[in-house]
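Colleague: I should like to learn how domains and a ligand site are read from a model. May we go through the features in turn?

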Amino acid sequence: MRSIASRIAMMSGEGALSVFARAKELEAQGQSIIHLELGEPDFHPSGSVVDAVSRALDEGKDRYCAVVGVAELRQEIAAYLRRTRNIDVSADNVLVAPGCKAALFFAMMALLEPGDEVLYPDPGFPGYPSIARGLGAVPVSFELSARNHFQPDIADVAAKITPRTRMLLTNSPGNPTGTVYSSAVQRDLAALAVEKDLWVLSDEIYARIIYGGEYVSMLSYPGMRERALIVDGFSKSFAMTGWRLGYTVAPSDVVPALAMMAINTYTCVAEFTQYAAIEALRDREGATPRMVAEFARRKQQFVRDLNRIPGFRCEAPAGAFYAWVDICGTGTSAEEICRILLEDAGVAAIPGAAFGPAGKDFVRFSFASSVENLREATARILKVSSVWQGSLIEK
Ligand SMILES: Cc1ncc(COP(=O)(O)O)c(C=O)c1O
């Protein structure tokens with residue numbers, strides 16, 4: 001009998017993509033929409049990166065290439081991590097992947113057995129529990145609560161560990177909250193992983209997008225060399241979402257397992273994009289710091305304006321480019337708020353439950369959009385806020 005494998009029903013989609021699809025529908029009907037739903041920088045890679053991709057094509061770099069990534073890019077990634085994250089990584093530990101999401105998938109596929117438990121943050125990137133479930137593993141969430149400024153609570157994480165726990169997933173700066181884990185939290189998480197002999201999968205895709213301070217990788221902590229994998233990529237820090245480029249830094253005994261995943265799926269990442277990625281990492285034009293400085297300006301304005309909306313409360317994020325707004329004060333559900341924002345105000349945002357049950361009273365807005373768009377968005381939201389202000393008065 002023909003049927004779809006049951007693992008597909010175990011996986012879930014992404015709230016951002018469904019809001020985006022509805023927003024596009026409304027746009028096609030002529031409605032003006034401000035897109036604050038997707039986690040996509042409104043920048044493009046700098047001229048030198050675009051030149052490098054055409055140069056690579058001119059030079060015929062459009063062949064099958066090394067499964068783990070071209071040697072020059074692996075070396076450049078190691079140098080980049082040394083320079084920007086102060087971690088000593090060998091090029092032999094770096095595997096280039098077609099995006100961060102694929103890197104996460106393959107790392108989990110390589111390390112988890114069916115029934116293994118994976119600790120992950122709630123709210124968090126929806127791919128974490130979905131991939132784990134799809135692989136027959138069991139996602140177990142730890143809450144990032146407003147009470148704790150969205151930092152993992154070590155006692156809570158420790159209490160969730162059982163003999164079946166195999167992996168701890170971390171994400172700093174985090175999507176959707178923008179939290180940068182404190183060094184005390186990272187140190188304690190690392191110690192817990194050592195004590196309980198867990199793999200650590202550290203999603204560091206927003207590492208370059210922080211608003212002050214030095215970024216500290218999970219790999220910096222004692223005992224992490226042999227058990228931590230970093231996943232990072234070019235989508236956010238280098239505004240290269242559509243290029244589908246990411247990488248994993250893995251302990252030496254994990255590298256062959258990830259190479260086996262590559263051989264059996266994508267074979268290799270497009271050669272010409274890998275050569276252009278070297279230019280992105282060198283960043284001679286300072287494109288990344290400029291983009292982050294611009295995000296910092298927008299963050300300040302947007303968070304201030306959001307806090308002026310009746311019923312909205314938003315802590316300024318320490319990293320990434322999301323405003324994570326507590327909408328409890330509106331007396332209306334996050335789903336209804338997002339429906340009103342999209343259908344009546346033409347502002348696309350995501351109900352927090354798309355990031356896990358702990359997000360149910362929140363809405364995520366991306367501020368990777370122009371200052372004018374953000375200003376117009378908050379003006380529109382203020383206008384429609386009379387709808388929930390009415391319901392507040394009735395209560
Ligand atoms: C925390 C996190 N990890 C991974 C990804 C996926 O990144 P990529 O575009 O490299 O697949 C995203 C994208 O939104 C993200 O927010």
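Colleague: How many Å separate the centres of domain 1 and domain 2?

Modeller: Domain bounds come from an automatic or database domain assignment. Here the centres, taken over C-alpha atoms, are 26 Å apart. Domain 1 comprises 6-44 + 287-394, and domain 2 comprises 47-282. Their contact (heavy atoms within 4.5 Å) takes 35 residues from domain 1 and 32 residues from domain 2.

Colleague: On what basis are such values given?

Modeller: The model is predicted: local features need pLDDT of at least 70, side-chain atom pairs count only at pLDDT 80 or more, and totals for chains, interfaces and linings use all residues. Residues are numbered from 1 along each chain as its sequence is written, and side-chain values use heavy atoms, with hydrogens and water left out.

Colleague: Which residues are closest to the ligand?

Modeller: A residue is near a molecule if one of its heavy atoms lies within 4 Å of it. Here 13 residues surround the ligand, the closest being Cys100, Asp203, Tyr206, Ser235 and Lys236.

Colleague: Which side chains offer polar atoms to the ligand's oxygen or nitrogen atoms?

Modeller: A polar contact to a ligand is a pair of N or O atoms within 3.5 Å. Aspartate 203 places a polar side-chain atom 2.6 Å from a ligand nitrogen. A ligand oxygen lies 2.7 Å from a side-chain N or O atom of lysine 236, and an oxygen of the ligand is 2.8 Å from one of asparagine 175.

Terms used. A polar contact is a pair of N or O atoms within 3.5 Å; within protein, one must be able to donate a hydrogen and the other to accept it, and residues adjacent in sequence count only if both atoms are side-chain atoms.
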